[in-house]
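I sat down today to look up how the strands and the nonpolar interior of this structure are arranged, and I kept my notes in the order in which I checked things.

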Amino acid sequence: MSTTAVDVRDVSKRFQLAKERYTSLKERVIHGGRVKREDLWALRDVNFTVAEGETVGILGRNGSGKSTLLKCICGVLQPTSGEVIVRGNLAGLLELGAGFQQELSGRDNIYLNGSMLGMSKRDVDKIFDEIVAFAELEQFIDHQVKFYSSGMYVRLGFAVAVNMDPHVLVIDEVLSVGDERFQRKCMERIKTFQEEGRTILFVTHSPDQVRSICDRAVVLDEGHLVAEGPPGEAVRIFREHLLEASDVLNQGSVGQTPAVSEEAVADEAAARSFVQEGLRPVRFTDVRVYYPGMEERPYLLTGDALHIRLHFNATTVTKGVVFVLELRDTGGNCILRTDTDILGQQIDVPEGTGAIEFRFATFPFLDGAYEVHAGIQSRLGGVVFDWREPAASFEVMHPGRSTGIVDLPVQALMVEGPMAEVAAGVSQTVVPS
Amino acid sequence: MVLEVPGPVPGPSDVNQTEQENGSPTELTFGSPWPDGNGAAKVTRTVSANVGLWRRVVAVWRSRELLANLVRTEIKVKYKNSVLGIMWSMVAPAMTLIIFTIVFSFLLKNGIPHFVIFLFSGLLLWNFFQTAVQTGTGTIVNNSGLVKKVSFPREILALASVGTASVFFFFQAIVMVIFLFLVPNAPDYSLIPLVFLALLAGAVWAAALAVFLSAVNVYLRDTQHLVEVLLTAWFWACPIVYAYQRTVAKSSKLHQWHLTWIYFLNPLTPLVMTFQRVLYNIPVGRLTVKPYQVARFLPPWSGSTYLVADLAVLGIGLVLFVLALVVFGRLEGNFAEEL
């Protein structure tokens with residue numbers, strides 16, 4: 001049984017940009033065949049597959065072709081060449097409430113939208129109440145959609161799309177609308193969607209969203225698919241592309257990372273050839289967490305030091321290796337992601353075993369359990385030698401009484417009233433009078 | 001747990017990706033309300049520049065419920081906030097009938113008995129055809145919001161125009177039936193099925209033209225205006241306001257030069273004449289003006305002549321409809337960009 005939900009095969013899309021577009025007969029006749037058209041390839045030979053049940057993010061700068069790709073997948077645009085094969089029913093949220101008819105009531109629009117997604121009236125009947133409840137529009141469902149606030153509009157649009165239970169859901173940057181509470185609700189819905197084993201494809205600018213919900217991500221740049229891999233790697237490559245682009249924009253200005261050196265490219269090529277031969281030259285052997293007093297208690301005290309040691313074994317000399325460290329809370333939120341490259345370490349691994357340690361002077365987070373994710377990759381991020389998640393975990397106890405997420409250095413001072421003299425000096429600098 | 005990194009992750013310089021096997025996906029076990037999608041038999045859809053005709057037809061057929069919904073929407077929107085609502089689509093033709101009766105009984109007597117019924121029989125079909133083609137031509141452009149954002153077989157929009165027109169036809173037909181009872185003039189009940197055949201043939205032609213013109217109109221917006229003008233000309237090419245038997249067949253140049261067949265190149269002519277034959281049903285009668293002689297108002301054709309003619313029109317219409325779908329498929333690729 002095939003398990004591919006979306007198969008994008010050699011998809012290219014050409015837009016023809018005319019300086020002026022002649023759409024009337026008169027203009028066509030006058031200008032004859034002399035309409036100069038400029039070709040713009042929004043997509044060039046894009047290939048990737050999405051397996052059933054996978055959540056794949058599409059990252060890319062503005063104009064990188066991600067929306068065009070989604071439109072091709074949804075069938076709104078036809079690729080100039082190549083094809084997209086979609087297995088199962090697909091619901092596209094290219095724009096929330098796109099199929100809504102202003103003059104109709106919310107109720108009628110649900111049925112209209114449902115039939116656009118290929119559902120019969122009976123099918124929509126079954127989930128109608130669910131949609132209304134999700135959109136929180138019980139009172140307004142029989143009002144014309146044109147009287148809805150933009151928030152209500154968006155809620156109805158999302159509610160319809162997700163409750164139609166498509167096998168494949170395609171979302172284009174629409175999660176950034178709506179109030180925060182509804183956004184959270186949407187994310188929860190998406191999570192249950194994932195648990196139900198459905199396929200989600202979505203476009204976003206937000207790397208954090210990719211990290212928190214995607215299994216995999218693809219990066220598009222100028223119509224080319226430049227990378228495909230685990231979210232962390234994809235985000236990294238996406239960032240690199242952003243930086244490259246900004247380097248081009250401000251030529252000579254100081255970028256955050258140095259331009260890719262020839263050496264790095266050579267290392268990258270070497271790394272790739274290793275992996276292509278099926279070798280994983282550098283692998284973790286162990287990842288351990290150290291903190292003061294770990295012999296007595298199985299938890300770290302907030303504010304104590306934290307050392308995370310990554311033990312590895314190299315079967316051969318490997319140049320240009322980057323060790324990646326991620327700390328995540330139990331909700332899967334990344335609280336820190338860093339690597340040796342960012343921290344200014346150039347590492348060439350000799351043959352044999354070794355260990356690298358990330359040292360946190362203090363760990364300010366309050367009670368909770370945290371996971372350590374660790375990876376080894378090439379400097380340009382194109383090759384992943386090893387990736388473990390979680391590689392280790394640890395628990396934190398806060399000896400103090402304040403609650404929340406992080407222990408920020410804070411003081412409480414009386415700044416007004418008869419007892420205020422003590423802090424007078426401070427308040428004057430902080431509070432503008 | 002080790003996250004499987006599927007093979008080499010290609011670097012920034014890699015353009016062509018090879019297909020990758022991904023980790024085993026979860027088996028779909030949820031109960032889905034989709035008619036044909038319970039995990040086992042999912043519909044596979046291909047988006048590409050060349051989708052075969054058969055697939056298009058299947059896609060259109062699958063979307064028939066959408067078609068019904070679009071028709072419903074269009075009618076609802078047209079009569080929103082109006083007290084009489086859909087009744088207006090009956091008031092308008094009723095009014096036309098009353099006016100025609102007054103005009104042709106007192107002002108413009110042309111001698112044909114119950115001329116209003118003759119006129120309305122032809123108009124019934126023509127109004128349907130004209131509404132369908134006219135609204136169908138503009139439908140893709142007018143629904144650009146949908147076309148650019150939502151995926152569905154776009155032909156449905158053109159077909160919905162025909163559907164909407166047929167709803168209006170239905171209400172006009174009710175008015176016609178009432179009128180037939182008021183005026184003592186019985187239709188030829190034995191030939192009633194011919195009316196439905198002619199209507200079907202007209203609908204197929206309207207659908208073919210609507211599908212074709214709606215696509216062309218996206219690229220050449222003049223089309224909708226051109227169509228409006230051409231439809232007026234077409235109207236006069238059909239024997240609606242005048243009786244074929246008393247004009248073309250008798251005294252016209254076409255008749256003199258034995259070129260009457262040219263007149264029948266118009267596919268609507270046999271259809272309109274079928275409506276007249278069945279609903280008007282006064283082949284021979286006495287003129288209502290001097291010299292009050294007995295005259296022939298409808299051609300002396302048997303029912304089977306009408307049957308054959310209508311079937312021929314239907315057949316050609318079906319061929320054109322298929323061609324229109326093919327052309328539509330060719331032009332459809334750039335809709336979202338051109339709108």
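The entries below go from the sheet to one of its strands and then to the cores.

**Entry 1, the sheet.** I am working from a predicted model, and I began with the strand order in chain A. I found an open sheet of six strands in the order E5-E6-E7-E3-E8-E9 (chain A), and its pairing is mixed. I noted strand E5 (90-93) and strand E9 (224-229) of chain A as the edge strands, each pairing on one side only. From one strand to the next, I read an average twist of 15°.

**Entry 2, from the E5 edge inward.** I followed E5(A) to E6(A) and found that they run parallel, joined by four bridges, with Ala91(A) standing opposite Leu169(A) of E6(A). I then looked for what packs on the sheet and came to helix H2 (residues 66-74) of chain A, which touches E3, E5, E6, E7 and strand E8 (216-221) of chain A. The direction of H2 makes about 150° with that of E6(A).

**Entry 3, strand E7.** Which strands pair with E7(A) in the parallel sense? I found strand E3 (residues 55-60) of chain A, paired with E7(A) in the parallel sense over five bridges, and strand E6 (residues 168-172) of chain A, likewise parallel over five bridges. On the E3 side, Thr55(A) stands opposite Ile200(A), while on the E6 side the bridge partner of Val170(A) is Leu201(A).

I next asked how many residues of strand E7 (residues 199-204) of chain A are buried. The count was six of the six, so I wrote the strand down as largely enclosed by the rest of the structure. In a regular strand, side chains alternate between the two faces of the sheet. For E7(A), I saw Thr199(A), Leu201(A) and Val203(A) pointing one way and Ile200(A), Phe202(A) and Thr204(A) the other way, all of them buried.

**Entry 4, the cores.** I turned to the largest nonpolar core, which has 154 residues, and noted Ile73(A), Val170(A) and Ala206(B) as those with the most contacts inside it. The largest share of this core, 19 residues, comes from helix H7 (residues 192-219) of chain B.

I then listed what Ile73(A) touches, leaving out residues up to four places away in sequence, and found Val6(A), Val8(A), Val84(A), Val86(A), Val170(A), Leu201(A) and Val47(B). Two names on that list had come up before, since Val170(A) and Leu201(A) are the bridge partners I had written down for E7(A).

Last, I recorded a second, separate core of 29 residues, which includes Val282(A), Leu300(A), Phe312(A) and Phe365(A).

Notes:
Residues numbered from 1 in each chain as written. Chains lettered and ligands numbered in written order. Predicted model: local features only at pLDDT ≥ 70, side-chain atom pairs only at ≥ 80, totals over all residues. Core = buried A, V, L, I, M, F, W, Y, C linked by C-beta atoms within 7 Å. Buried ≥ 20, exposed ≤ 12 C-beta atoms within 10 Å, placed from the backbone. Contact = placed C-beta atoms within 7 Å. Pairing = 2+ DSSP bridges. Axes fitted to C-alpha atoms, helices over the stretch in contact; angles between N-to-C directions.
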